[in-house]
Amino acid sequence: MEFSELLRVRRSVRRYQSTPLGEEQIAQVLAAVRTAPTAGNFQAYEIYVVRGPERMKALAAASFNHGWIAEAPAALVICTNAARCQYDNPGYWALQDASIAATLAHLAATNLGLASCWVGAFVPEKLAEVIAVEPGHVPMAILTLGLANEAPPESPRREVSEFAHPRE
Ligand SMILES: Cc1cc2nc3c(=O)[nH]c(=O)nc-3n(C[C@H](O)[C@H](O)[C@H](O)COP(=O)(O)O)c2cc1C
């Protein structure tokens, strides 16, 4: 898909068909994540691939009022892994690395015709338990993945002139 088209059609989708995702689709999303730029190229992120109705229900239960997460056939949980970063203040860099990883996954999913939604509202301890998180991995976001069962309208945005601050 043309990049401008990708940006135009991307949405946060919160209704999913029950159709399962193929291995290849998830592999392609993860392959896109792998290309992410990261601070010092330390790649201070980890991705947990969550699938199966029971685990998806548990994922929904770990989030705040996001029962719809259980509708999705799969989700990624994007975590920071600050121990990978050799700079001072590694948590600061790891959060940026993980944010870029999640953004690329969201865009890659869109490019594959998949729907997704970035979810940041979760109970960290509950989520950690659901994904049996490894020591040092800190969940930053859930990214649901699946086929859309809704077509959300475009959300409003500020004009460029409202957030761009020219300094010449
Ligand atoms: C950091 C971040 C956290 C978000 N957390 C949630 C969330 O917890 N629940 C949710 O339904 N959507 C969440 N979203 C999706 C936003 O609500 C959505 O991106 C925004 O409303 C704009 O809509 P659009 O993505 O369809 O353009 C989050 C998005 C980002 C980037």
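In which loop is Asn89 found? Asn89 sits in the loop between β2 and α4 (90-111), where helices (H or I, at least four residues) and strands (E, at least two) are DSSP runs numbered from the N terminus. The model is a predicted one, so local features need pLDDT of at least 70 and side-chain atom pairs count only at pLDDT 80 or more, while totals for chains, interfaces and linings use all residues. Residues are numbered from 1 along each chain as its sequence is written, and side-chain values use heavy atoms, with hydrogens and water left out.

Asn89 is a good place to start, and Asn65 makes a useful companion. The phi angle of Asn89 is positive, at about 55°, although Asn89 is not a glycine. Asn65 likewise has a positive phi, near 50°, and is a residue other than glycine. For background, most residues other than glycine have a negative phi. Asn65 is placed in the loop between α3 and β2 (74-80). Buried or exposed: which word fits Asn65? Asn65 is exposed, with a relative accessible area of 79%, and Asn89 is exposed as well, at 53%. Here buried means under 20% relative accessible area, exposed means over 50%, and partly exposed lies in between (1.4 Å probe, protein chains only).

Attention turns next to the ligand. Which residues are closest to the ligand? The ligand is surrounded by 13 residues, and the closest are Arg10, Ser12, Arg14, His66 and Trp118; a residue is near a molecule or strand if one of its heavy atoms lies within 4 Å of it. Sorted by class, this shell holds 5 nonpolar, 4 polar and 4 charged residues. In that sorting, Ala, Val, Leu, Ile, Met, Phe, Trp, Tyr, Cys and Pro count as nonpolar, Asp, Glu, Lys and Arg as charged, and the others, Gly among them, as polar.

Some of these neighbours make polar contacts with the ligand (pairs of N or O atoms within 3.5 Å; within protein, one must be able to donate a hydrogen and the other to accept it, and residues adjacent in sequence count only if both atoms are side-chain atoms). In the side chain of Arg10, an N or O atom is 2.9 Å from an oxygen atom of the ligand. Arg14 places a polar side-chain atom 2.7 Å from a ligand oxygen atom. For His66, the partner is a nitrogen atom of the ligand, and a polar side-chain atom of His66 lies 2.7 Å from that nitrogen. Taken alone, the ligand exposes 620 Å², and the protein buries 62% of that; accessible areas come from the Shrake-Rupley method with a 1.4 Å probe, and for residues only the protein chains shown count as cover.

How many salt bridges does the model contain? The count comes to 3 salt bridges, where a salt bridge is a side-chain nitrogen of Lys or Arg within 4 Å of a carboxyl oxygen of Asp or Glu. One of them joins Arg8 and Glu5, with N and O 3.0 Å apart. Arg8 and Glu5 are 3 residues apart in helix α1 (residues 3-9), so about one helical turn separates them. Arg8 is exposed, at 53% relative accessible area, and Glu5 is partly exposed, at 30%.

Another salt bridge links Lys57 to Glu54, at 3.5 Å from N to O. Both of these residues lie in helix α3 (residues 53-61), 3 residues apart, about one turn of the helix. Lys57 is partly exposed at 48% relative accessibility, whereas Glu54 is exposed at 58%.

Glu23 and Arg51 also form a salt bridge, and their closest N and O atoms are 3.0 Å apart. Glu23 belongs to helix α2 (residues 23-34) and Arg51 to strand β1 (residues 45-51), so this pair ties together parts that are 28 residues apart in sequence. Glu23 is exposed, at 55% relative accessibility, and Arg51 is partly exposed, at 33%.

The loop between α2 and β1 completes the picture. Ala36 is found in this loop, as is Thr38. Ala36 is buried, at 7% relative accessibility, and Thr38 is buried too, at 14%. Leaving aside residues up to four places away in sequence, Ala36 touches Ile100, Ala101 and Leu104, a contact meaning heavy atoms within 4.5 Å. On the same basis, Thr38 touches Gln43, Tyr45 and Asp97. The C-alpha atoms of Ala36 and Asp97 are separated by 7.9 Å, although these residues are 61 residues apart along the chain.
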